Amino acid sequence: MLRSCTAALRTLRALRGRREGASPAARDPVLARRWFSTEKVIPKDHALPNPSWSKDLRLLFDQFMKKCEDGSWERLPSYKSKYTQKSEDFKTCFLDSKLVKEQLSQAQLFTRGYEDGLGFEYVIFYNDDEKRTVCLFQGGPYLQGVPGFLHGGAIATMIDAAVGMCAAIPGGIVMTANLNINFKRPIPLCSVVVINSQLDKIEGRKLFLSCTVRSADEKILYSEATGLFIKLDPEKSLI
């Protein structure tokens, strides 16, 4: 009974908040605690192993963490709503401050919108000398296309994310101008793939990249892609 009453009160407060145009903090007790608590909130790094990771994903993760020990590779952290300095620079240069305050307060990264194991499980490693990234990706059951296989849009999303990161590190604030993908074979659902992205050349504000998607042992080629990314000009509006 007490639980039922508590749930009813929560629902009533949520409805009242929507009717009265309450702030996100007023509608979300967890968000309110984050805003007003004196304790420092440490965001969860989703590019670290969790119980949903398969044996293959953990093994590959450990192998690349070993490569990070000599400084040649770097693991890139990933958060739901804590953004990098480049993201903050993007908001400052290209977004209206009112939009940032009102509409982005509850925004989160698209690829981190699922609970652990259900959607996009991935980690990206970067090699600065070689100007390339390796993304270890496991697609969860909510990313199904035809039964038993990953949706093409899901792998396209991860290719865009991986190639985009490879472009953003040397290029700064970039956006996708063109992404051309050749799907060679369907990817089994919940399997692990390795997405290799390479910066091929830079011409002015244009960054040209290439990418392959292979099985965990890299024997099966699932997809190939090329991408063109543009370094944004802070003097020009996006609208």
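What follows is a chat about a predicted model and its sheet, helices and one buried glutamate.

Colleague: What kind of model is this, and how are residues numbered?
Modeller: This is a predicted model, where local features need pLDDT of at least 70, side-chain atom pairs count only at pLDDT 80 or more, and totals for chains, interfaces and linings use all residues. Residues are numbered from 1 along each chain as its sequence is written, and side-chain values use heavy atoms, with hydrogens and water left out.

Colleague: How many helices and strands are there?
Modeller: The protein has seven helices and seven strands. Those are DSSP runs numbered from the N terminus: H or I over at least four residues for helices, E over at least two for strands. Along the sequence the pattern reads α-α-α-α-β-α-α-β-β-α-β-β-β-β.

Colleague: In what order do the strands sit in the sheet?
Modeller: The order is β1-β2-β3-β5-β6-β7-β4, in an open sheet with antiparallel pairing. Two strands pair if DSSP finds at least two bridges between them. At the edges are β1 (74–76) and β4 (174–183), each pairing on one side only.

Colleague: Which helix packs on the sheet and touches β1, β2, β3 and β5?
Modeller: Helix α4 (residues 55–68) does that, and its direction makes about 160° with that of β3. A contact means heavy atoms within 4.5 Å. Angles run from 0 to 180 degrees between N-to-C directions, using axes fitted to C-alpha atoms, for helices over the stretch in contact. Helix α7 (residues 152–171) lies across β1, β2, β3, β4, β5, β6 (206–215) and β7 (221–231), at about 135° to β4.

Colleague: Switching to E121, where is that one?
Modeller: E121 is in strand β2 (residues 120–127). Eight bridges join β2 to β3 (residues 132–139), antiparallel to each other. One of the pairs is V123 with its bridge partner L136 in β3.

Colleague: Is E121 buried or exposed, and what is the nearest side chain of opposite charge?
Modeller: E121 is buried and has no salt bridge; R112 is the nearest side chain of opposite charge, 4.8 Å away. Buried means under 20% relative accessible area, exposed over 50%, and partly exposed in between, with a 1.4 Å probe and protein chains only. A salt bridge needs a side-chain nitrogen of Lys or Arg within 4 Å of a carboxyl oxygen of Asp or Glu. For charge, Lys and Arg count as positive, Asp and Glu as negative, while His and the chain ends are not counted.

Colleague: Which side chain makes a polar contact with E121?
Modeller: The side chain of N50 does, at 3.0 Å. A polar contact is a pair of N or O atoms within 3.5 Å; within protein, one must be able to donate a hydrogen and the other to accept it, and residues adjacent in sequence count only if both atoms are side-chain atoms. The backbone nitrogen of G117 also lies 2.7 Å from a polar atom of the E121 side chain.

Colleague: What about the loops, where is K131?
Modeller: K131 is in the loop between β2 and β3, and its phi is near 55°, a positive value in a residue other than glycine. Most residues other than glycine have a negative phi. K131 is partly exposed, with a relative accessible area of 28%.

Colleague: And which residue takes a positive phi in the hairpin of β6 and β7?
Modeller: That is E218, with phi near 65°, in a hairpin with five residues between the strands. E218 counts as partly exposed at 41% relative accessibility.
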